[in-house]
Amino acid sequence: RVFWALCLSTFAVYVITPAGPRDAIWKASWLAEDFFRALLPALLLHLFLIFPRSQARRGVIPLLYLPAAAYLVAQIALLQSSGSQAASLQEAATRFWLAYFGVYAVAVVWRLARLLATHREEPEAEKQVRWIGLGVAVGLAPFLILSVLPRALGFESPLLSSLAVVPL
């Protein structure tokens, strides 16, 4: 279920794009995209905490989703604000999401490194972890280095951000 939700969130973030007049449909699209964007980092980390077998205590998993809830609250507040307040809130929410995604991505990489170190005796599990680790490294590293990190630090390059999405 977590993998399915991760795939759905990734798909929704890349497909749902609010456009047109700022009516009820635009607001619904905005909130839908932000809902899935908010869940994406938490779902990614959640997946790696339960793969190949759960290593997380049950009480920890719900806490992974607290930043997602905070991001959604900010997006709802953004819909109700206007002018310079909206622009500064949008920038703060974007930077928050980038930091949240970056921290969770680093946690995923750390978890994969630990999995690789501990599954040496189980060849099948080690092979699965290596392939998933390779996929995460090839897909996530360019996005983190070329898009998330510069944007979180206040720099922006639309060309580099566009190129960074290709491996994803």
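This is a short talk on the helices, salt bridges and one surface patch of the structure shown above.

Hi everyone, thanks for coming. Please keep in mind throughout that we are looking at a predicted model.

Let's begin with helix 2, which runs over residues 24-50. Those 27 residues span 38 Å from the first C-alpha to the last, close to the 39 Å expected at 1.5 Å a residue. At the start of this helix, look for D23: one of its side-chain oxygens comes to within 3.3 Å of the backbone nitrogen of I25. Further along, find L40, where helix 2 has a kink of about 35°. The proline P41 follows shortly after that kink.

Now to the charged residues. How many salt bridges does a search of the whole structure find? The count is three, and we can visit each of them.

Stay in helix 2 and look at R37. Its partner E33 sits four residues away in the same helix, about one turn, and the closest N and O atoms of this salt bridge are 2.8 Å apart. R37 also meets D34 in a salt bridge, at 4.0 Å from N to O. Here the spacing is three residues, again about one turn of helix 2. Put together, E33, D34 and R37 form a network of salt bridges.

Is this network buried or exposed? R37 and E33 are both buried, and D34 is buried as well. For D34 we have a number: its relative accessibility is 4%, and because buried means under 20%, D34 counts as buried. D34 has another partner too, since its side chain makes a polar contact of 3.1 Å with the side chain of Y71.

For the remaining pair, please move to helix 5, residues 83-118. There the side chains of E91 and R95 meet in a salt bridge, 2.8 Å from N to O. These two are separated by about one helical turn because they are four residues apart in helix 5. What about their exposure? E91 is partly exposed, with a relative accessible area of 28%, and R95 is also partly exposed, at 34%.

Last stop, the surface. Which residues make the nonpolar patch of about 560 Å²? They are W4, L8, F11, Y14 and V15. Take L8 as an example: this residue lies in helix 1, residues 2-15, and its relative accessibility of 32% makes L8 partly exposed.

That's my tour, and I'm happy to rotate the model for anyone who wants another look.

Terms used. Residues numbered from 1 in each chain as written. Predicted model: local features only at pLDDT ≥ 70, side-chain atom pairs only at ≥ 80, totals over all residues. Heavy atoms only, no water. Patch = residues over 30% accessible without salt bridge, like charges linked within 9 Å, V, L, I, M, F, W, Y side chains within 5 Å. Areas by Shrake-Rupley, 256 points an atom, 1.4 Å probe, with all protein chains shown as cover. Buried < 20%, exposed > 50% of the residue type's maximum accessible area, 1.4 Å probe, protein only. Expected span 1.5 Å × (residues − 1). Bend = angle between axes of the 7 residues up to and from the residue. Polar contact = N/O pair within 3.5 Å; in protein donor to acceptor, adjacent residues only side chain to side chain.
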